[in-house]
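I sat down with a new structure today and kept notes as I went. Follow along and look up each spot with me.

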Amino acid sequence: MKRKVLICQLLTAALVCLMVMTACSKTDSNINNTNPKETEQTGQTNQEEVDVDPPKEEEEHEPVTLKLLAWHVGAHQELFDMFHEKYPWITIEVEEWGIDKAIAMQAAGEPADLVWITGLSPWLKDGMLEDLTPYIANDPTIQNAKIIDGFLEAFKTPDDKLWAVPYTAISEWIIVNKDLLKKHGMEMPPYDWTYDDMLEMAKKATDPAANEYGISYDSLMASHFNWILPVANGHAPNLRFFNEDLSQNLLNTPDVLADMKWLQELTTKWHVRPSDEEAEKLGWEKANNFLTGKVLFTLGADWVIPGYNELATFDWDVLPLPRGKEKQVTVQLLGPIAMLSASKNKDAAFKWISFQFELEAQKWNVKNGSNTFVIHPDIDDEIDRTPTWKGKNTEVIKMTKEMCCYLPGPTIPDFDEFQNIDAALFESMYKEFDITSLVSRVDKFNESTMKLRKEMGW
């Protein structure tokens, strides 16, 4: 029981860290939550490519302090400072995160202005959020930017409202230990490699006598990796096993269950990933074991890159996620930001949201290892020259930013219950466990989420 609670806490804590981008940790490989809508992102737009940075405003303004409810500052302070330099009358002040905090501030007559959210339904219940649709329609920065297809609409609810928009875009890649690759007589695979290719390479790299494994023992490889395979194989339209409109979870279907069995057998049949017992003997926790130099493949995102650059004693590089039976996909993590309906500074608050789409802010994302959501030739150039990716395969970074799929979460009612089911699935990846025992819980979740959607008018 203690272990189960610990895993749930790990998932919750990691969710928080992931949304903070690089600030959360230099090396932690834990987990996250965010966004919906599986899209083949084409980057098409009716707008011509333009420089999305408007000129700095010089007119006089009354000072404004924006209160942002967030769970961390970290590297974002640099972005806050950049925003303040551009709009010197606006200062961003971070407050403790949470809906209770927002209610208390509003009751005290000092409402917050902006909030990072993980789920929409708790905030919509009491009308706490502002519909951003008219602000976006009248904002020249967003309207003139060439934005990756489907990005702005990622959090649109079935009632055609945009209560939140993404402020971060974090893609995931396979990270490979090139020294181990060379040691076992292998070369870097092509970009269109498959999951079967990955398994065969992992088998060659696994040598328990040398404490070497083909697949890392960490949270991402036993959670986010689970979400990707069913989409790549054509067994689920969306990540996290959801159907097209996010109304039902497909973890109770034979094809998705077979995908989970394949992943579980990385440990239980092929032993290319250590079991819990083996990892305990090695002293490995579900984070950072890639840095031991004893793992061929791990799953990575922007928040691990600074640590790998600083601490890795071996040569490593990035690869796209393998191709499944139908297509090649990854996880696109989008952090939702919303405006509080009680805000007294709505125009200034939306300036912060709009600022995320300016070229200056996009380049900041590149520097921090994140992907971008505005398409502009200067951004690709920035990827090539940023020290973050020095000596690495930057073409993978460029191709990955427009790969499917956005991660569902905020627009799914009763999402907390799904996360409990997902935590149990997460634990099953390291041991013998009957994954079909989760089907009844998925059935109950599907029934509950339909009731909640009806109550919300969705």
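**Notebook: sheet, helices, rings and odd spots**

I started at one pair of residues: Pro166 stands opposite Pro336 in strand 9. Before going on, I noted that this is a predicted model, where local features need pLDDT of at least 70 and side-chain atom pairs count only at pLDDT 80 or more, while totals for chains, interfaces and linings use all residues. Residues are numbered from 1 along each chain as its sequence is written, and side-chain values use heavy atoms, with hydrogens and water left out.

**Entry 1: the sheet**

I looked up what strand 4 (residues 165-171) pairs with, and found 6 bridges to strand 9 (residues 332-339), the two running antiparallel. Helices (H or I, at least four residues) and strands (E, at least two) are DSSP runs, numbered from the N terminus. Two strands pair if DSSP finds at least two bridges between them. Another bridge partner I found is Leu333 in strand 9, which goes with Ile170.

Which order do the strands take in the open sheet? I read 2-1-3-9-4, so to speak from edge to edge, for 5 strands with mixed pairing. Strand 2 (90-96) and strand 4 are the edges, each with a single partner strand, so one side of each has no neighbour in the sheet. Neighbouring strands are turned by 25 degrees against each other on average, direction ignored. Axes here are lines fitted to C-alpha atoms, for helices over the stretch in contact, and angles run from 0 to 180 degrees between N-to-C directions.

Is strand 4 buried or exposed? I found 7 of its 7 residues buried, so the rest of the structure largely encloses strand 4. Buried means under 20% relative accessible area, exposed over 50%, and partly exposed in between (1.4 Å probe, protein chains only).

Next I checked what lies across the sheet, with contact meaning heavy atoms within 4.5 Å. Helix 13 (residues 346-355) lies across strand 1, strand 2, strand 3 (114-116), strand 4 and strand 9, at about 170 degrees to strand 9. Helix 3 (residues 99-107) lies across strand 1 (64-70) and strand 2, at about 150 degrees to strand 1.

**Entry 2: helix 8**

In helix 8 (residues 195-205), I listed Tyr195, Met198, Leu199, Met201, Ala202 and Ala205 as buried. Down the helix axis they fall within an arc of 165 degrees (taken from the directions from the axis to the C-beta atoms), so they line one face of helix 8. Asp196 and Lys204 are exposed on the other side. Among the parts covering the buried residues are helix 7 (178-183) and strand 6 (213-215).

**Entry 3: rings**

I counted 29 aromatic pairs in the whole structure. Phe290 and Phe314 make an edge-to-face pair, 5.4 Å centre to centre with 80 degrees between the planes. Rings of Phe, Tyr and Trp (its six-membered ring) pair if their centres lie within 6.5 Å; planes under 30 degrees apart count as stacked, over 60 as edge-to-face and the rest as tilted. Both Phe290 and Phe314 are buried.

**Entry 4: odd spots**

A cis peptide bond joins Cys404 and Cys405, with omega about 25 degrees. Leu246 has a positive phi near 65 degrees, though it is not glycine, and at 8% relative accessibility Leu246 counts as buried. His271 has a positive phi too, near 55 degrees, but His271 is partly exposed at 41%.
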